[in-house]
Amino acid sequence: MENPLHLKSLNHISIVCRSVEKSLDFYQNILGFFPIRRPGSFNFDGAWLFNYGIGIHLLQSEDPENMPKINIINPKDNHISFQCESMTMVENRLKEMETEYIKCRVEEGNIYVDQIFFHDPDGTMIEICNCDNLPVIPLSGGETVLRPCSTLQCTMQKNKIQQMV
């Protein structure tokens with residue numbers, strides 16, 4: 001497969017927030033990200049977080065009162081998706097936190113992918129899934145089957161990061 005820009009990986013996702021503090025709490029305590037150093041030369045409020053091999057950059061909105069309010073959970077809208085170890089554990093935790101969510105299921109042959117969708121404090125949609133059940137099969141290039149990050153690989157990476165912190 002070609003790599004015209006010689007990309008290596010996803011680095012980060014930036015999210016504009018009504019309140020960096022509320023979003024920081026959500027991404028740390030709900031999704032398990034941890035804060036990392038942010039360059040001091042920025043002249044606007046924000047926070048950087050990291051885990052699972054990607055960064056999330058929270059940016060304070062210049063006009064938080066006029067940010068769109070998103071209340072409807074729509075799986076066909078823009079979202080960030082994370083694989084998990086246990087869908088049951090995720091659903092139980094969201095119930096404990098009284099977080100509104102919806103569940104979906106995708107079937108391909110005899111393979112099932114379960115999904116849970118919910119919002120962060122600013123309406124950015126989050127998906128939690130067991131997507132690694134589904135093989136990644138390129139539309140061209142033969143019969144090569146790729147695999148998303150397996151639970152084992154993600155756990156090994158998380159353990160490495162926790163040892164560094």
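This passage looks at Tyr27, the nonpolar core around it and a pocket in the predicted model. Residues are numbered from 1 along each chain as its sequence is written, and side-chain values use heavy atoms, with hydrogens and water left out. As the model is predicted, local features need pLDDT of at least 70 and side-chain atom pairs count only at pLDDT 80 or more, while totals for chains, interfaces and linings use all residues.

Tyr27 sits in helix H1 (residues 20-29); helices are DSSP runs of H or I with at least four residues, strands runs of E with at least two, numbered from the N terminus. Its relative accessible area is 0%, so Tyr27 is buried (under 20%, 1.4 Å probe, protein chains only). Leaving aside residues up to four places away in sequence, Tyr27 touches Leu49, Leu58, Asp120 and Ile126, among others (heavy atoms within 4.5 Å). Leu49 is 22 residues from Tyr27 in sequence, yet the C-alpha atoms are 8.0 Å apart.

Tyr27 also turns up in the largest nonpolar core, a set of 23 residues (buried Ala, Val, Leu, Ile, Met, Phe, Trp, Tyr and Cys joined through side-chain atoms within 4.5 Å). Those with the most contacts inside this core are Tyr27, Leu31, Leu58, Phe82, Phe118 and Ile126. At least two core residues come from each of several elements, including H1, strand E4 (54-60) and helix H2 (87-96). Leu31 touches Phe82, Phe118 and Ile126, among others, again not counting residues up to four places away in sequence.

Conventions: Buried means under 20% relative accessible area, exposed over 50%, partly exposed in between (1.4 Å probe, protein chains only).
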